[in-house]
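Grab a pencil and work through these exercises with the structure open beside you. Try each task yourself before you read its solution.

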Amino acid sequence: MRAVLDHVGIAVKDVNEALAFYRDALGLDVDAPEEVVSQHVRARAVRAGGPSLELLEATAPDSAIAKYIEKRGPGLHHVTLRVEDLRAALAQLRDRGVRLIDAEPRPGAEGALVAFIHPAAAHGVLVELKQPAVHGPVLSAKRHILGDLQLTMLHDGGFRLDGGAMFGVVPRPLWEKATPPDDRNRIQLAMRPLLVEAAWGRMIVDCGAGDKMGPKLVDIYALDRARHLDHALADIGLTSSSIDFALATHLHFDHFGGATAREAGALTPRFARAQYFIRAAEWEDATHPHERNRASYLQEDFVPLEEAGVIRFFQGDETIKPGVRVVRTGGHTGQHQIVYVESQGKTAVFVADMIPTTAHLQDPWVMGYDLFPMETLAFKKRFIREAIDREYLILFEHDPRVAAGYIRESADGRRYVEQVL
């Protein structure tokens, strides 16, 4: 085990008062607040040129930070050492007889796994071990029961898009803290189609990029095909021929490129038995692209479906199958839509590119790719308020680590996701 100093935790009564010193007086950079729900604490990372400082404010009277301040007052709370494999580190410490507070890892800030060593073993210092979150895509099928429907968030591999384009007018110093870019300014994303299984059959909502791209585009988008949709379906005992219906939120390549496949030089429907549901106005836009959207609408992804006679076009917001309905959001494309899945009083919503990742929860964090950003903003504001109040389960198509969760709102108005999948 090799441990590296990551940060020093400081317990404070009021994090905003503490910022008057660390940020305003000392001029240090401070990250956006993060609520660690499992530990009842609000954290603010203060960048100090190397290992950071972490200001910790209790959000509940029974939290460890609240008890610490009540007993000892504000001040140095712990030091955090970063390790590559937390479970291996804990096993090594147990073998050496080191006294632990946490025998198993638990969730920490920034999506990390953490565990604490008892101060008695560290000469009076509370030591936290931290395994940082994996920034690559998590490529495993994730299932959830919603009433009498079974939902599975599949995967079609990872890819990368320009970070500036993904966050529009949001400055890089803000978005790069949530989603660090690579040396080509691209951020890691996932492609997560949704599988709905019901008495009426199996429906896939979007289907990833597929395997038709040439080497140049594969390099531009860092398309990772080590694990893809066929693998995801096989993981749950299915194949592409198991799909009865395919529904498009819109026809961009990263959402519907996997609708067709190249076989023996010919382009054919990927799901041989399926009926494909496509909004008629989206089809019109996709088959008549202009300079602004031509790179995203690749004709080989969908035109062969019409030639095969497998498309059912629909005109507006409607119920596609019992429990599955679509609502136009516009914004990203003129006819972009989200998908409501409802059963026994419960609702999940596949939000596609309206909220592509959990980093896009704040209202003005709208993609530069959106053709009509003010339309996105207006719909998003209404929808997120409704999703919080009605406790919709949100299904994220592009987030590399979070497939589904509930949007929550802290007392100070900050939004975060309570992860479910």
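**Exercise 1. Backbone angles in two loops**

Find where Asn185 sits and describe its phi angle.

Solution.
- Step 1: In this predicted model, Asn185 is placed in the loop between α5 and β13 (186-190).
- Step 2: Its phi is positive, about 65°, although Asn185 is not a glycine.

Now do the same for Glu391, and decide how exposed it is.

Solution.
- Step 1: Glu391 belongs to the loop between α11 (373-390) and β25.
- Step 2: Phi of Glu391 is near 55°, again a positive value in a residue other than glycine.
- Step 3: Buried means under 20% relative accessible area and exposed means over 50%. Glu391 has 47%, so it counts as partly exposed.

**Exercise 2. A salt bridge inside one helix**

Look at Arg172 and work out how its side chain pairs with Glu176.

Solution.
- Step 1: Arg172 and Glu176 form a salt bridge, and their closest N and O atoms are 2.9 Å apart.
- Step 2: Both residues lie in helix α5 (residues 172-178). They are 4 residues apart, which is about one turn of the helix.
- Step 3: Check the accessibility of each partner. Arg172 is partly exposed because its relative accessibility is 39%, and Glu176 is partly exposed because its value is 30%.

**Exercise 3. Salt bridges that span the sequence**

Which parts of the chain does the pair Asp301 and Lys212 tie together?

Solution.
- Step 1: The two side chains meet in a salt bridge, at 2.9 Å from N to O.
- Step 2: Asp301 is in the loop between α9 (280-287) and α10 (303-308), while Lys212 is in the loop between β15 (201-205) and α6 (215-220), so the pair ties together parts that are 89 residues apart in sequence.
- Step 3: Asp301 and Lys212 are both buried.

Next, describe the salt bridge of Asp317 with Arg279.

Solution.
- Step 1: The closest N and O atoms of Asp317 and Arg279 are 2.8 Å apart.
- Step 2: Asp317 sits in the loop between β20 (311-314) and β21 (319-321), and Arg279 sits in strand β19 (residues 275-279). With their positions 38 residues apart, this pair links distant parts of the chain.
- Step 3: Asp317 is partly exposed because its relative accessibility is 47%. Arg279 is buried because its value is 3%.

To finish, how many salt bridges are there in total? The count comes to 28.

**Exercise 4. A charged residue without a salt bridge**

Locate Asp254 and look for a side chain of opposite charge around it.

Solution.
- Step 1: Asp254 lies in helix α8 (residues 253-256).
- Step 2: Asp254 is buried yet has no salt bridge. The nearest side chain of opposite charge is Arg225, 11 Å away. A salt bridge needs the nitrogen and oxygen atoms within 4 Å.
- Step 3: Asp254 does have a polar contact, in which its side chain joins that of His255 at 3.4 Å.

**Exercise 5. A cavity and a pocket**

Which residues line the largest cavity?

Solution.
- Step 1: There is 1 cavity of 30 Å³ or more, and the volume of the largest cavity is about 30 Å³.
- Step 2: Its lining is made of Ala209, Gly210, Asp211, Lys212, Met213, Leu298, Glu300 and Asp301.
- Step 3: Sort this lining by class, and you get 3 nonpolar, 1 polar and 4 charged residues. Lys212 and Asp301, both in the lining, are the salt-bridge partners from Exercise 3.

Now turn to the second largest pocket and describe its lining.

Solution.
- Step 1: The second largest pocket has a volume of about 270 Å³.
- Step 2: It is lined by 17 residues, and the closest to its centre are His252, Phe253, Ser296, His332 and Tyr369.
- Step 3: Helix α8 gives the most to this lining, with 3 residues.
- Step 4: By class, the lining of this pocket has 8 nonpolar, 6 polar and 3 charged residues.

**Exercise 6. Distance along the chain and in space**

How far apart are the C-alpha atoms of Ala246 and Ala274?

Solution.
- Step 1: Ala246 lies in strand β16 (residues 245-247), and it is buried because its relative accessibility is 0%.
- Step 2: Ala246 and Ala274 are 28 residues apart along the chain, and their C-alpha atoms are separated by 6.5 Å.

Terms used:
Residues are numbered from 1 along each chain as its sequence is written. This is a predicted model: local features need pLDDT of at least 70, side-chain atom pairs count only at pLDDT 80 or more; totals for chains, interfaces and linings use all residues. Side-chain values use heavy atoms; hydrogens and water are left out. On a 1 Å grid over the protein atoms alone, a cavity is a set of points where a 1.4 Å probe fits but cannot get out, and a pocket is an open set with protein on both sides within 12 Å along at least five of seven lines; lining residues have an atom within 4 Å of a point. Grid points are joined across faces, edges and corners, and a volume is the space filled by probe spheres set on the points. Ala, Val, Leu, Ile, Met, Phe, Trp, Tyr, Cys and Pro count as nonpolar, Asp, Glu, Lys and Arg as charged, and the others, Gly among them, as polar. Buried means under 20% relative accessible area, exposed over 50%, partly exposed in between (1.4 Å probe, protein chains only). Lys and Arg count as positive and Asp and Glu as negative; His and the chain ends are not counted. A polar contact is a pair of N or O atoms within 3.5 Å; within protein, one must be able to donate a hydrogen and the other to accept it, and residues adjacent in sequence count only if both atoms are side-chain atoms.
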